[in-house]
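Visitor: Before we look at the model, I would like to hear how each label attached to it is justified.

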Amino acid sequence: MEKLCKGILLVAIVFLFAASSAIGQEIKIGVIGPMQFVQGQGHWNGAIMGAEEINAKGGIQVANKKMKIQLIKADSNEFINITDATNAMERLITRDKADFILGGFRTEAVLAMQDIAMEHKKIFIGVGAAHDELCNRVAKNYNTYKYWFRGSPFNSTFLVRTSFIHLGTVGAILRQFLNIPKVKVAIVAEKAMWADPMIPAAEAVIPKMGMEVVGVWRPSDKATDVAAELSAIQRTGAHVIFTIFSASVGITFARQAGELKIPAMQVGINVEAQKDGFWQATQGMGNYVFTMNTYARGVESNENTKAFVDTYVKRFGETPTYTADTYSAIVYTLAPTIEMAGTLDPDKLVSILEERVYKSASGTVKYMKDAQGRHTHDLTWGPGYLTAIGVQWQDGELKGVWPNKWKATPEAPEITYKGVVPVKIPPWMIEKYKK
Amino acid sequence: MDLIVNIIVSGLISGSIFALLAIGFSLIFGVARIVNIAHTAFYMVAAYCIYFATHKMSLHPVWGMVGAVVLVTLLGLISYKIFINPIREHEGAVLIATIALAMAFQEIMVLKFTGTYLSVPSLVKGYFVILGVKVFYQQLLTFCVALLIMAGLWILLMRTKLGLAIRSTAQDREVANLMGINEAQVAMMTMGISVGLAALTGAIVVPLTTLEPHMWLHPLIMMMAVVVLGGLGSLKGSFLGAYILGFAEALVVFLAPMGAFLKGSVALSVMILVLLIRPEGLFGVSFEEER
């Protein structure tokens with residue numbers, strides 16, 4: 001009897017160990033972002049979709065076993081307090097034992113969070129921050145920062161380049177349809193770190209594009225009234241307002257410009273205009289605002305886009321923004337790389353990932369090297385890789401308008417994404433200039 | 001000429017908004033010596049009430065505004081009774097309690113509405129052109145309401161018994177008490193008027209702005225600057241200070257567009273400059289005299 005009891009006890013202990021190790025058969029992915037804000041909600045929604053898709057197939061094949069994904073949500077509160085972001089990152093790694101981390105949004109916070117993740121040798125895929133420095137660190141100090149990869153969007157330099165192409169496209173349309181010989185451009189950039197280097201770049205490039213810069217305005221990123229700035233812009237006779245906004249000023253500016261019927265087209269970056277809620281937030285006054293974006297309903301950058309956008313819209317009732325690229329980070333970046341490596345060892349994963357070329361939901365991903373041949377883990381921009389799209393609000397709908405017969409160079413083939421429509425000029429602008 | 005008109009119009013509009021906020025703040029400080037840091041948080045709550053009424057209950061914005069003013073005034077009175085009145089004699093504690101109250105309101109709004117940027121429709125849509133400058137009807141409404149409220153407040157303070165009681169209490173609480181004025185009741189009523197003014201400001205300003213749970217912070221700084229510039233507790237000082245800072249902001253935007261984000265800082269610098277010359281503010285009681 002005593003032997004039997006001991007036997008049962010032994011079996012129970014073995015079972016408990018087996019059960020606890022079975023619980024450990026999960027890959028823990030930390031999703032960090034400002035969860036009370038749209039950006040963080042995008043992070044989380046994309047990650048949920050990605051994890052569910054992988055888990056529905058039984059998980060990720062790691063060597064000879066299938067491991068399911070367990071997501072851990074961490075609110076970085078990074079818009080308000082960067083210390084909250086670093087604490088959340090520390091907690092994800094030390095207490096929650098996350099194997100991988102996705103997310104981050106505000107550059108200032110991501111730089112701080114990046115240091116913590118790198119110290120613990122955790123692969124951190126940034127989905128939100130665009131500053132070049134995040135990847136320059138990889139090149140400068142590879143051994144420390146090699147666990148960082150950019151997931152979305154591409155870096156600030158390419159963001160500017162793309163928005164200049166959008167500006168050129170709109171300039172050409174205005175010249176053609178309104179017979180404006182010399183297009184005047186007002187640059188309006190919120191006061192934020194990421195926008196600072198874009199201003200001298202814009203001032204240097206715009207004249208080379210055959211347009212004239214009539215002034216630069218730097219409202220606060222949280223300005224609640226820009227009527228004064230708009231009056232000043234109108235006084236200059238600007239035909240185009242080149243916007244560089246990521247915060248709430250994008251809504252204020254678009255709403256007031258629309259309500260005052262300022263006869264100039266807004267084009268550039270306006271992160272708030274990328275969201276479905278923009279129409280309501282501007283009370284419909286954000287019509288004709290043109291911004292760079294990653295996704296739009298009905299626009300396909302490649303064969304993966306439609307399935308992702310449609311499922312996301314069906315599941316969450318809104319168009320995904322680029323922070324929902326946590327989906328691609330799980331489905332197209334992490335999962336296949338882990339399966340190829342057959343291990344969760346970060347060093348092995350890094351060496352495989354930096355050589356991979358693969359399709360995500362928004363384009364083809366290839367990690368770059370700098371001019372000296374050093375790995376940067378930054379995203380390659382350009383035709384055939386990632387280009388982003390241009391979208392315009394047209395009567396309550398966010399329509400894809402670029403690339404539409406776009407040629408990267410005069411010799412390059414034309415590129416048109418499926419689902420794009422022509423750019424519309426605001427009627428009050430046509431009324432003013434088409435005489 | 002255009003530039004001057006632009007500066008005048010922008011200055012008047014910004015000044016009116018600051019004045020509405022600052023007068024309410026100044027009133028409760030003058031009467032009960034309460035530094036109500038949560039003043040602009042009540043303004044934020046009113047804005048969200050209007051959003052809720054117009055978008056979730058599909059009410060006309062006017063009803064939303066009326067409801068918001070009533071609800072927020074009640075909220076102000078309840079907050080006063082529970083959080084402020086018991087510690088009223090300790091000015092430092094009141095200061096901290098009202099900061100906590102404002103933070104609590106902010107977090108409640110984050111929980112309820114998240115940090116998403118929202119907006120409400122204008123009461124009067126469109127704009128008109130004055131000397132070549134486009135002005136929103138809503139801005140004109142803000143300016144007119146500010147003047148009306150100021151006039152109403154003047155009548156209340158100068159022509160009614162309540163006004164007399166408020167002025168007496170503001171001058172000397174102990175003597176007012178000895179004269180039979182229920183000082184605690186006057187303080188509570190003043191709190192109601194003060195919070196009501198904050199709610200009303202929220203109601204008329206919200207269509208011009210974007211709603212988010214931290215929208216109370218910037219107006220708080222400007223309001224405090226206006227009050228300090230005008231002289232703590234002085235209503236006419238707050239009125240004048242508001243327009244000085246409003247014009248300072250407009251000048252920055254029009255004369256230094258690259259530094260438009262500095263408009264708040266420049267306005268605060270103007271305040272410091274005035275305080276260097278008149279430490280008690282434009283119409284404040286000098287510190288020595290107060291002691």
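What follows is a conversation that sets values against the definitions behind them.

Visitor: What kind of model is this, and how are its residues, chains and ligands numbered?

Guide: It is a predicted model, in which local features need pLDDT of at least 70 and side-chain atom pairs count only at pLDDT 80 or more, while totals for chains, interfaces and linings use all residues. Residues are numbered from 1 along each chain as its sequence is written, and chains are lettered from A and ligands numbered from 1 in the order in which they are written.

Visitor: What scores does the model carry, and what is the average pLDDT of chain A?

Guide: The model has ipTM 0.74 and pTM 0.81. For pLDDT, the predictor's confidence in each residue on a scale from 0 to 100, chain A averages 92, with 94% of the residues scoring at least 70. Over residues 16-23 of chain A, however, the pLDDT is below 50, and beyond near neighbours in sequence this stretch has zero contacts in the model, a contact being two residues whose C-beta atoms, placed from the backbone, lie within 7 Å.

Visitor: Which elements of chain B have the lowest and the highest mean pLDDT?

Guide: Chain B averages a pLDDT of 86, and 97% of its residues score at least 70. Among its elements, helix α12 (residues 287-290) of chain B has the lowest mean, 44, and helix α2 (residues 39-56) of chain B the highest, 94. Over residues 287-291 of chain B the pLDDT is below 50, and this stretch has three contacts in the model beyond near neighbours in sequence.

Visitor: How many helices and strands does each chain have, and what makes a run count as one?

Guide: Helices (H or I, at least four residues) and strands (E, at least two) are DSSP runs, numbered from the N terminus. By that definition chain A has 15 helices and 16 strands, whereas chain B has 12 helices and two strands.

Visitor: What makes the radius of gyration of chain B agree with that of a globular protein?

Guide: The radius is taken over C-alpha atoms, and the globule rule is 2.2 Å times the number of residues to the power 0.38. For the 291 residues of chain B the rule gives 19 Å and the chain has 19 Å, so chain B is as compact as a globular protein of that length. Its C-alpha trace spans about 60 × 50 × 35 Å along the principal axes.

Visitor: And how does chain A stand against that rule?

Guide: With 435 residues, a compact globule would have a radius near 22 Å, and the 24 Å of chain A agrees with this. The C-alpha atoms of chain A fill a box of roughly 105 × 45 × 35 Å along the principal axes.

Visitor: Why are six strands of chain A described as one open sheet?

Guide: Two strands pair if DSSP finds at least two bridges between them, and the six strands of this open sheet have the order β2-β3-β1-β4-β5-β6 (chain A), with mixed pairing. The edge strands are β2 (60-62) and β6 (148-152) of chain A, because each pairs on one side only. As one example, strand β4 (residues 100-103) of chain A and strand β5 (residues 123-127) of chain A pair in the parallel sense over four bridges, and Leu102(A) has Ile125(A) in β5(A) as its bridge partner.

Visitor: Which helix lies across β1, β3 and β4 of chain A?

Guide: Helix α3 (residues 82-94) of chain A lies across β1 (26-33), β3 (65-75) and β4 of chain A, and runs at about 155° to β3(A). Axes here are lines fitted to C-alpha atoms, for helices over the stretch in contact, and angles run from 0 to 180 degrees between N-to-C directions.

Visitor: What makes α9(A) count as mostly covered?

Guide: A residue is buried if 20 or more other C-beta atoms lie within 10 Å of its own, exposed if 12 or fewer, and partly exposed in between, with C-beta atoms placed from the backbone. Eight of the 10 residues of α9(A) are buried, among them Leu230(A) and Ile233(A).

Visitor: How many residues of each chain are in contact across the two chains?

Guide: 31 residues of chain A are in contact with 28 residues of chain B. α9(A) gives the most to the side of chain A that touches chain B, with six residues.
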